[in-house]
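Take a look at the protein below. Let us walk through its fold step by step, from the sheet to a single residue.

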Amino acid sequence: QSVIYQGRWKLLIEPGWYGMTSQKPDTIYELYDLKNDPAETKNVAGDHPELVEKLEQACEEWQERCGIVYYGKILEMNPRH
């Protein structure tokens, strides 16, 4: 449900439709090295856990700073949305 870029890195957090990802117990991460894999064919999140954590934290800080509301909260407030 989020994506953040830093230099050659692209991190997707819970990629896909909310209805599918919200049913999974753990957060799904996809990290791609766009310099060496511009077609995003190899998820390297497992190889770089510190980078995943750093980028996720930066994304959360940006969402907080900008007042971004998590889609799940919107559905709680208005289930017909």
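**The sheet and what surrounds it**

Start with the strands. In this predicted model, three strands form an open sheet in the order β1-β2-β3, and their pairing is antiparallel. Two of these strands sit at the edges: β1, residues 2–6, and β3, residues 29–33. Each edge strand pairs on one side only. On average, neighbouring strands of the sheet are turned by 15° against each other, direction ignored.

Now zoom in on one pair. Strand β2 covers residues 9–13, and β1 pairs with β2 in the antiparallel sense over five bridges. You can pick out individual partners. V3 has L12 in β2 as its bridge partner. Q6 stands opposite W9, which also belongs to β2.

How many residues lie between the strands in the hairpin of β1 and β2? There are two. In this hairpin, G7 takes a positive phi near 60°.

Next, step back to the whole chain. The protein has three helices and three strands. Follow the sequence from start to end and the pattern reads β-β-α-β-α-α. One helix to find is α2, residues 49–66. Helix α2 lies across β1, β2 and β3, and runs at about 115° to β1.

Some totals describe the protein overall. It has 81 residues, and buried residues make up 27% of them. The protein exposes about 6000 Å², and carbon and sulfur atoms supply 52% of that area. Consider also the contacts between residues at least 6 apart in sequence. Of these, 34% join residues at least 24 apart.

Finish with one residue, K10. You will find K10 in strand β2. Is K10 buried or exposed? Its relative accessible area is 12%, so K10 counts as buried, the cut-off being under 20%.

What is K10 in contact with, leaving aside its neighbours within four places in sequence? The list is V3, I4, Y5, E30, L31, Y32, L34 and E40. Compare that list with the strands. V3, I4 and Y5 fall within the 2–6 range of β1, while E30, L31 and Y32 fall within the 29–33 range of β3. With E40, there is a further detail to look for. The side chains of K10 and E40 are joined by a polar contact of 2.9 Å.

Note on methods:
Residues numbered from 1 in each chain as written. Predicted model: local features only at pLDDT ≥ 70, side-chain atom pairs only at ≥ 80, totals over all residues. Heavy atoms only, no water. Pairing = 2+ DSSP bridges. Helix = DSSP H or I, 4+ residues; strand = E, 2+ residues; numbered from the N terminus. Axes fitted to C-alpha atoms, helices over the stretch in contact; angles between N-to-C directions. Contact = heavy atoms within 4.5 Å. Buried < 20%, exposed > 50% of the residue type's maximum accessible area, 1.4 Å probe, protein only. Areas by Shrake-Rupley, 256 points an atom, 1.4 Å probe, with all protein chains shown as cover. Polar contact = N/O pair within 3.5 Å; in protein donor to acceptor, adjacent residues only side chain to side chain.
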